[in-house]
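Subject: Structure handover

Hi there,

Here is the structure I promised to pass on to you. Please open it alongside this email, and then read on for what turned up in it.

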Amino acid sequence: MEENKRELLAAEETVTKKPVNGAKKTGKRRMSAANRKRVIAAVVSVVLVLAILATVLIVSAVQNNRAPELATVRERYIQLLTSAPAINEILWGEGLPTYERVYSNGFSFKDAYGEGEGRTEKNISGFVVETEEFGDIVAYHPWMYFIPPGEDEGIFYDFEHNVTLSAKPDDDSYYRFAVREEKAREGETPNAYLAENLKTETTYYYYDLADFDIDSLFIYTEKDEPYYDYVKESCGFLYVDDIKAAAAKIYSADMMTAINEGILTGVTVSERPGGTLYPRYMDYENTEIGEVYLVKFNQDNGYELTDWVYDFDTMAIQRGSKKKTVRLSVERYPVGKENERTTKTFTFVLENGEWYLDAPSY
């Protein structure tokens, strides 16, 4: 009995015994081998799930950013590549056609209607221009409307032919034209009316301008910008905004920014002489007549652009292309030189649901 009591007290002392040197009890227990295996398995499972999820997200992102099938964009790309040359020519090539830079020398002389007290003198006016195609052209206006002395009603009178006209001539007949020559033409009769009134004995004038159109001339003055020529209205572009609108149908927003700054607005690249790039086109206000005209810089002849033929059957979308940015290769060659085939790669970008070229295509 006494022996059992001593064993019980020894057991209680062992349970309540404090750690040596005042150390605190940690309450930790060593993990068994089985528990360690279960924890490792759980961690591995979590890592695998995260890896699979990441892979799924990456694959999904790649699929969502995949380049379009060529068949879905082929027609638009062909449209851009075939329409671009006309815009390229305006922006970087020869440019829009301009009126020949000609100046006029005006003249006038007096002619008379009637005789005696009913005689009335009128000024007949005209001008001379030097052209490359026709030489020196004399344009004159030999008829006018006036009320003769003693009459109540006015008349249209042709002073050159001394006849009263039945009605006002049409606008195409406002001027009459002749070519000024320094030598007589064999077998041709010169314009005696001009020779007599312009008092020229050694200069001859001939009617041979059936193909001449006064609207083909644009008479420049000394007040016009010396480095800009007037763009022909017949080309279909009247203002800079017309050029911008046409280019914006072909090129991307980034390209249009470059075109606006470098070609249509101009930019100063340095403070040195020649450091300013003048716009190739601008809207110019002619203060003499209060009209705004499209003009082109005449100190830049542009590039001689190649007229390309594209083999659209060779079109191929290149690796690295994405949903909104596509690199496309296609074979092309200069007109008439099929043996000089080359492969050109173009970049197209998708903006607002439509594809555009993202670099010059020339």
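Below is a short tour, from the whole chain down to single residues.

Before anything else, please keep in mind that this is a predicted model.

**The chain as a whole**

The chain is built from six helices and 18 strands. Of its 362 residues, 30% count as buried. If you take the contacts between residues at least 6 apart in sequence, 58% of them join residues at least 24 apart.

**The four-stranded sheet**

A good place to start is the open sheet of four strands, ordered β15-β16-β17-β18 and paired in antiparallel fashion. Its edge strands are β15 (308-317) and β18 (354-357), each of which pairs on one side only. From one strand to the next, the twist averages 40°.

Within this sheet, β17 (residues 342-351) and β18 run antiparallel and are joined by four bridges. Phenylalanine 348 stands opposite leucine 357 of β18. In the loop between β17 and β18 you will find asparagine 352. Asparagine 352 has a positive phi of about 55°, although it is not a glycine. Is this asparagine buried or exposed? Asparagine 352 is exposed, and its relative accessible area is 85%.

**The nonpolar cores**

Which residues touch the most other members of the largest nonpolar core? In this core of 36 residues, they are Ile243, Tyr251, Phe348 and Leu357. At least two core residues come from each of α3, α5, α6, β15, β16 (325-334), β17 and β18. The largest share, nine residues, is supplied by α3. Another core, of 15 residues, lies apart from this one, and Phe109, Val128, Ala178 and Tyr205 are among its members.

Phenylalanine 348 deserves a click of its own. Leaving out neighbours within four places in sequence, its contacts include Tyr77, Leu80 and Leu81. Phenylalanine 348 is also in contact with Lys324, Thr325, Val326 and Leu328, and with Trp355, Tyr356 and Leu357.

**Helix α6**

Where does helix α6 bend? The bend is at isoleucine 259 and comes to about 35°. The end-to-end distance fits into the picture too: α6 (residues 253-265) spans only 16 Å between its end C-alpha atoms, while a straight helix of 13 residues would span 18 Å at 1.5 Å a residue.

Isoleucine 259 is also one of the buried residues of α6, along with Met255, Met256, Ile263 and Leu264. The cover over the buried residues of α6 includes α3 (70-91), α5 (240-248), β13 (281-286) and β18. That brings us back to β18, an edge strand of the four-stranded sheet.

**Strands β4, β5 and β6**

Elsewhere in the chain, β4 (residues 143-146) is joined to β5 by four bridges, and the two run antiparallel. Here phenylalanine 146 stands opposite isoleucine 155 of β5. Strand β5 also runs antiparallel to β6, with three bridges between them. In that pair, aspartate 158 stands opposite valine 163 of β6.

How many residues lie between β5 and β6 in their hairpin? There are four, and asparagine 162 in the turn has a positive phi of about 55°. The loop that holds asparagine 162 connects β5 (155-158) with β6 (163-165). Like asparagine 352, asparagine 162 has this positive phi although it is not a glycine.

Happy exploring, and do write back with any questions.

Best wishes

Key:
Residues numbered from 1 in each chain as written. Predicted model: local features only at pLDDT ≥ 70, side-chain atom pairs only at ≥ 80, totals over all residues. Heavy atoms only, no water. Pairing = 2+ DSSP bridges. Axes fitted to C-alpha atoms, helices over the stretch in contact; angles between N-to-C directions. Expected span 1.5 Å × (residues − 1). Bend = angle between axes of the 7 residues up to and from the residue. Buried < 20%, exposed > 50% of the residue type's maximum accessible area, 1.4 Å probe, protein only. Contact = heavy atoms within 4.5 Å. Core = buried A, V, L, I, M, F, W, Y, C linked by side-chain atoms within 4.5 Å.
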